[in-house]
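Reader: I would like to see how the descriptive terms used for a model are justified by the values behind them. Could you take me through them one at a time?

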Amino acid sequence: METKAIPASAGVPVAARSGARVRRVRTSWTPWWTAYLQAAPMALVFLLFFILPLVATVVVSFWNYTEYSIEPAFVATNYADVFYGCFSGGSALCTTFATYLSTLKFVAIVWVATLAIGFTVAYFLCFHVRTLPMQIALFMVCTIPFWTSNVIRMISWIPLLGRNGLVNETLQGIGLIDAPLEWLLYSDFAVALALVHLYTLFMVVPIFNSMMRIDRALIEAAYDAGATGWQTLTNVVIPLVKPGIVIGSIFVVTIVTGDYLTIGIMGGQQIASVGKVIQSQINFLQFPIAAANAIVLLAVVLLTIWGMLRLVDIRKEL
Amino acid sequence: MAANPVPRHERRPRSFYALALFFALFVVFLYGPVVTILTLSFQGPSGGLTFPMNGLSLYWFERLWSGGGTVDIGAAFRRSLALGLTVLVLTVVISVLAGLAFRKRFRGSAALFYVAVASLIVPSIVVSLGIALEFRIVDDVLRPALASLGLADARGNSLGLFTSGLGAHLSWTLPFGLLIMFAVFNRLDKSYEEAARDLGATSWQSFRFVILPMIAPFLIGIALFGFTLSWDEIARSSQTMGSTNTLPLELAALTTTVTTPEIYALGTTVTAVSFTVIFGTLAAFLALQRRRRTRLPKAG
Amino acid sequence: MRSECQVPSAAADLELAAVTKAYGDTVAVDRVSLKVPAGTYCCLLGPSGCGKSSTLRMVAGHEFISDGDVMIGNTIVNDLPPARRGTAMMFQNYALFPHLDVRENVAFALKMAGTAKEERLKRADAMLAMVDMSAYASRLPAQLSGGQQQRVALARALITNPTVLLLDEPLSALDPFLRIRMRAELKRYQREFGISFVHVTHSQEEAMALADMVVVMNDGRIEQVGTPREVFNAPRTRFVAQFMGGHNVVTEGASAYAVRADKLRLSPLGDAEAGSSPATVSDVEYQGMTIHVALKRPDGTDLLATLPEHEFDRAPVAVGDTVGVAWHPHDRHELAA
Amino acid sequence: MRSECQVPSAAADLELAAVTKAYGDTVAVDRVSLKVPAGTYCCLLGPSGCGKSSTLRMVAGHEFISDGDVMIGNTIVNDLPPARRGTAMMFQNYALFPHLDVRENVAFALKMAGTAKEERLKRADAMLAMVDMSAYASRLPAQLSGGQQQRVALARALITNPTVLLLDEPLSALDPFLRIRMRAELKRYQREFGISFVHVTHSQEEAMALADMVVVMNDGRIEQVGTPREVFNAPRTRFVAQFMGGHNVVTEGASAYAVRADKLRLSPLGDAEAGSSPATVSDVEYQGMTIHVALKRPDGTDLLATLPEHEFDRAPVAVGDTVGVAWHPHDRHELAA
Amino acid sequence: QEKVTLRYLSTAVNQSPAIAEKAGADLGINIDYIAVTTDDVAKRVITQPNSFDLVDTEYFALPKLLPSGNIMGLDAKRIKLADQIASVIREGTVDGKTVGLDGTAPSKVLYLPSEQATEFAGEPTEFLTLIPTTYNADTLGIRPDLIDGPVDSWAALLDPKFKGRAAMLNIPSIGIMDAAMALSARGDLTYGDKGNMTREEIDKTIGALIEAKRAGQFRAFWTDFNESVNLMASGEVVIQSMWSPAVTAVRTQGIDCKYQPLKEGYRAWASGFGLPVAINDREKDAAYEFINWFLSGWAGAHLAKQGYYTAVLETTKEAMEPYEWAYWFEGKPAEQDILAPDGKLLEKAGATRDGGSYDERMGRVACWNAVMDENIYMIRKWNEFIAA
Ligand SMILES: Nc1ncnc2c1ncn2[C@@H]1O[C@H](COP(=O)(O)OP(=O)(O)OP(=O)(O)O)[C@@H](O)[C@H]1O
Ligand SMILES: Nc1ncnc2c1ncn2[C@@H]1O[C@H](COP(=O)(O)OP(=O)(O)OP(=O)(O)O)[C@@H](O)[C@H]1O
Ligand SMILES: [Mg+2]
Ligand SMILES: [Mg+2]
């Protein structure tokens, strides 16, 4: 074994090694801190612009305020104000409950509508369109509006739905109605329509994604076992796309819960939403009560999501 | 034995036609309204906000261009563009770095992941308010302290396009970037890095010459996400932009306030920009792919 | 004949008459005619892309038949849905429903048919007992090993009392050791149930070990049908000879013939036997009981000789040696193409 | 010894001294000691999960050594980065860089080392010529077949002039026919370059066909080291005998011995030869040149007899028959465990 | 030296590009408009006092703005025409008669004891909070073509006849005053001070509003000048409280819209220039220069031709054609066609201005836009109304 000289850098000669050893076990060729360094920018952004703001919100929700300033304190009055009149036993619903109820109503409507539409569209793309290029092309057709301005997409409904809008004119033109339909614009209907229009894609994408992962053989196996199309849908497809449904639902529910712009514009500013309340309180510089409202909203959203996650483990999907 | 030389035709199930119709209606639903405003933006000078069309012209585009409107859309446009591009670059860089970090094991990785997901699902208005509050506190509490040390102007407002605004947008784009990076790196076999190391590449070389070229097409995707999410962001921007407005905020304000088809002309322009970006990106992606496939003469 | 009737199904013949499958312009299966008698273990064997799966799937009803007829018993099943053909299919990766446990997977077909819960679980348990999987009844598929999954898939397919069981590369997902074990089980179940199995594979070893009837396919057509021995000993075409392996194809003028590799005899060049020709040893591969000697003749033909270990040891050769190679004329097997 | 030096590398021994790999609590490789002399084709053989890859990767430097030493020549390389060990690795899926063409892939290591462009492309071309891939130099990996990719991967690994080439299941991604062809090529290159190849596989057929030295591993330990014939003919342990296949393990009291399946002789029960015992035929598998007969003795032991076709045909047996089975005492091979 | 740039914060409606252009030409000052909504103007002043150099905000916001210490008094000595500012602003009188001063009348919040004061002086001093830019008296706007029968009282706003076709101004402090005008006109409620209600008055007012909303009275709410124009022009709404220039804007679209004088009088508002404390000297000088220019005639005339009233009537008159002055300020029939500043036809010859002359209109002011003492409570109740 004794051969030629070894360059000093090429390792430790056998003879040079001591017998007893405690090995320091390396686990990677890159230094241990590389990962921390690489993760640091993202961690920092989230710390500065997500964690700390949430902490600030919690803190400020206990502060005092006047018309023009906020003052450090520790009072629960903001929360009391949020729930003002809610527990006094009066027959009428308090503002906060009424607002949440109204918001939740939209959440429910939009959720059901986007789920139905999103599922159907994804199902069509996945199981009825045969070639992959076609699937991708049609999928793109569905997603492109998502990349364009939400505001523009929202206001495009206005010329359609107004009292003298295209829909009313058309319906009147063909004699279906003789007076314009008032409920088309500045109404619950308009809000729900615009929200569905804006956010159906948040359902389509995850459901489509889940569906594409279903092994075609499973569908064939179901048919082989005598399942009808409908039985296959309920017994095989739906259980398997549940994670996609949950992810889509989380998106839709959080976005609609926090929305104020669509509800504002399409509802003629007449419909209350939690987001709008927070926003107008900010406008009146009532930061602490806005913060308290935000915390309540956050709690509601997190509870909802927690409930949904109990149904499905989405980590597997990522 | 083959009795009929013409093969039978395969019939589609009836459900196909029903679903295809549904899909078609969905597409109409998706694009129909936008098409209306695209059409209406070409109203003649005396045209109003609704049909019927009063002539056909580019009048409202000219007005928009000449800044004849109430607000300076051009400035908002440039601000949004600048912010969007900054967000784009930072999103790509930070996501790639974090993606690389997540390839290794490090303490806190799970926490970081959950924070990213949380940032995605916490209502934007809450985040927006939080950031505004945070900066308010900085201005109210920290700034006087810093000023007394001579480190900062005593009066001032730290909220701004490239401070709180940028942060708010990153808190929205980075989770997407990270999730895409996960998808990308999950599909990227670790053996490529090992092979590079085996062949004497340093960590940097292995990133520069192997990983980066391999993930480049997906980075275009992240860039697209970063830009369009920022370009179109409202809820998080609403409280965090300081003294200036981004284009969507300006647009949101204008939707209810502009009384002429100028708003549609603006909508058409914004949509055109979005489409240019999307299709530009797609074209770049396809070109990259194609170059990979065919840049070389066929051999042997 | 229909699977709904819950009595043990009558065995029935499967017949394909000029069955064709075209995907757009590519013809994947080209006028295939074949008769599989009741109770036969039939293997469809062929290289990748030759149309095995397409053929099987047309029988199963998962692929539309472009032309020709599939008959089971004396019913033309072309337009019947899969479940009404009396066939059952076992998929390559078993396609067990990942969200259902083993028992529910097996009972799936009964549930679809509307059988009461108690009844269907009872029958599923009975079926699981048959495939020796009772202990795993409430596991999810992901918690099973490949071999266990296979047995569940088998149980799930058999619970419909099919006339013909169709298997698309049922063993390819398994590791080699398990594959050999499962092979034996498949054969056993086929015997026990007495129904036909149509099994797609691209491994000639698998086909030979299992089949009563081997169907060698190439390029959408059937090259040869026969028992394993017929096919191995009397390949009809050059393709079959090469595909089955262990054959040397020797071209002589316009015609060609096959000689089994174990029929080649090597002798030192010096005392070459009559009819032997010289060849150079290009590789020697030890194969346990046998030794593969690769040879190259001066005209460039490659030959392969398979020698039992003891015979090789008697006169070992090494790479580079030149030896005489010969075979008996009666070991020549003329090829059709 | 270092890969940077561009001269053909001196062949060197590879030695593992009590090398251990622990992942958390699981010990994947347990004090493995092994010496692979320079210029050896060594196959690490063993079932899935036995620690073959872990061992190989510790040698390559892609996995850190929990305990023990790896020596190449007389240098302990434990703490050297992969490129400085004089090893090169060929990955299972070849890990060719998809964005670089064949020539750039091969030249990659030189580029990393800072070799001038012209020089490195020249050397890459030379290497490609050696593996007969010059015609494909400017293709992308995706445009190559599996076998071509393998050759590129080989060229890429060899351009660093390694002392030892490490291959982790290099053939498993190929289809069966290609696999056999590439096997021959690997062996040829090893001979040409004269360096050691350490090749991980779980196919005993592959190991026997290729190796000068077979290392049978089980459960993180080495069970037996030897030439293919030693290992096949004289398995040291029950595990090796079973794993190599073609063996019957017969337990007799506390000890056990192995008998090769082709050494078993069957005879009609009537005129059983001396020392034969009765057994029932449980399966007959046709295997082309040979026939596998599975037998069950009354005490439950399973036996496997491999008969050449002509011998089987002389006295065919069928499932259910009872026959006498016997073997020569000198075919018994005592097992250690 | 570079041109001075003044960052001019106000609602979009006060930002005429023509004024910026003219000021640039006359003074060499860049005017950089920052357009936000009414609420946001106040918010900006408080939270971002150094994001502007000049603010054009409403007087009623002052009780909220001044205590923040971000607004600086303007030195009357540096304003050439300070003592010619309209009496209705300075003293709350028109033609010697005191007008209704309910709410935050400008005269109550015009003076400061010192430049940096955070409380009002209560009597005339040398320091002014805001120099008026525009003011007017608001009333209901209607679409005569879509309404039959006369409208002559604020009560019409809540009249079930206009169910689903009325709109409310969703700036709580102003909206509630419109409501108060309507309710007191209907005789449902009497108020101590409509601009400074008690909690009980607030509760009752909001209660009545909620009832109306539930009955479907309102088509939409609006917060911005142009929004009101849109609602009216599109026919979605036929009656709502409006700003005079908004009516003008509807009319330029060729749509019949009337600024209907009502028997209970007007709700008035005024806005004016303020300076941020944080302003630099150079900008401060420029700001004074700009304000002086603004009061000197051209700008006033430009605004007056959109229907606003201006701070210094004399200079405005000088800068207008006599027939224009007669039409806009004297309530006389137009001698010629009345054109908007951008040249569009507003009124044909012979038309008279709704509500008559300056004196008639401003003289009949009943209350001023206000911020109440119970503002926070009021806003909470207003949110209840929105949520109902
Ligand atoms: N859905 C399809 N559309 C178009 N061509 C197809 C389709 N399915 C199969 N083919 C083509 O038909 C031919 C036969 O395919 P088939 O799957 O039957 O082959 P196979 O013998 O099962 O091969 P393998 O062993 O690879 O599974 C192939 O050339 C294949 O490319
Ligand atoms: N990164 C890891 N973390 C934890 N355990 C591991 C890791 N890599 C391998 N193991 C475990 O170590 C053992 C040996 O793994 P190794 O990959 O060396 O086996 P192998 O012989 O190559 O098997 P195969 O033939 O399946 O590739 C296995 O039990 C495996 O589960
Ligand atoms: Mg197939
Ligand atoms: Mg391995």
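Author: What follows takes up the surroundings of two ligands and then the pairing of strands, in a model that is predicted.

Reader: What makes D:Cys50 and D:Gly51 polar contacts of ligand 2?

Author: A polar contact requires a pair of N or O atoms within 3.5 Å. A backbone N or O atom of D:Cys50 lies 3.2 Å from an oxygen atom of ligand 2, and for a backbone N or O atom of D:Gly51 the distance to an oxygen atom of the ligand is 3.0 Å. Both pairs therefore meet the cut-off.

Reader: How do you know that the side chain of D:Ser53 also makes such a contact with ligand 2?

Author: An N or O atom in the side chain of D:Ser53 is 2.5 Å from an oxygen atom of ligand 2, and this value is within 3.5 Å, so the pair counts as a polar contact. Of the 620 Å² of accessible area that ligand 2 has on its own, the protein covers 57%.

Reader: Which element gives the most to the shell around ligand 2, and how do the residues of the shell divide?

Author: Helix α1 of chain D, residues 52-60, gives the most, with three residues. By class, the shell holds four nonpolar, six polar and two charged residues; among its members are D:Tyr23, D:Pro47, D:Glu169 and D:His202.

Reader: What makes C:Lys52 a polar contact of ligand 1?

Author: An N or O atom in the side chain of C:Lys52 is 2.9 Å from an oxygen atom of ligand 1, which is within 3.5 Å, so the term applies. Polar backbone atoms take part as well, with that of C:Cys50 at 3.2 Å from an oxygen atom of ligand 1 and that of C:Gly51 at 3.0 Å. The protein covers 55% of the 630 Å² of accessible area that ligand 1 has on its own.

Reader: Which helix gives the most to the shell around ligand 1, and which classes of residue does the shell have?

Author: Helix α1 of chain C, residues 52-60, gives the most, with three residues, and the shell has four nonpolar, five polar and two charged residues. The residues surrounding ligand 1 include C:Tyr23, C:Ala28 and C:Glu169.

Reader: Turning to the strands, why are β14 and β15 of chain D said to pair?

Author: Two strands pair if there are at least two bridges between them; strand β14 (residues 277-287) and strand β15 (residues 290-296) of chain D have seven, in the antiparallel sense, so they qualify. D:Thr280, for example, has D:Lys296 in β15(D) as its bridge partner.

Reader: Why are β13 and β16 of chain D called edge strands?

Author: The open sheet of chain D has five strands, ordered β13-β17-β14-β15-β16, with antiparallel pairing. Strands β13 (265-268) and β16 (302-308) of chain D each pair on one side only, and they are the edge strands. From one strand to the next, the twist averages 45°.

Reader: How do you know that β4(C) and β5(C) pair, given that two bridges join them?

Author: The requirement is at least two bridges, so the two that join β4(C) to strand β5 (residues 75-76) of chain C satisfy it, and the strands run antiparallel. C:Ile72 stands opposite C:Thr75 in β5(C). The hairpin of β4(C) and β5(C) has two residues between the strands, and C:Gly73 there takes a positive phi near 65°.

How values were computed
Residues are numbered from 1 along each chain as its sequence is written. Chains are lettered from A and ligands numbered from 1 in the order in which they are written. This is a predicted model: local features need pLDDT of at least 70, side-chain atom pairs count only at pLDDT 80 or more; totals for chains, interfaces and linings use all residues. Side-chain values use heavy atoms; hydrogens and water are left out. A residue is near a molecule or strand if one of its heavy atoms lies within 4 Å of it. A polar contact is a pair of N or O atoms within 3.5 Å; within protein, one must be able to donate a hydrogen and the other to accept it, and residues adjacent in sequence count only if both atoms are side-chain atoms. Accessible areas come from the Shrake-Rupley method with a 1.4 Å probe; for residues, only the protein chains shown count as cover. Helices (H or I, at least four residues) and strands (E, at least two) are DSSP runs, numbered from the N terminus. Ala, Val, Leu, Ile, Met, Phe, Trp, Tyr, Cys and Pro count as nonpolar, Asp, Glu, Lys and Arg as charged, and the others, Gly among them, as polar. Axes are lines fitted to C-alpha atoms, for helices over the stretch in contact, and angles run from 0 to 180 degrees between N-to-C directions.
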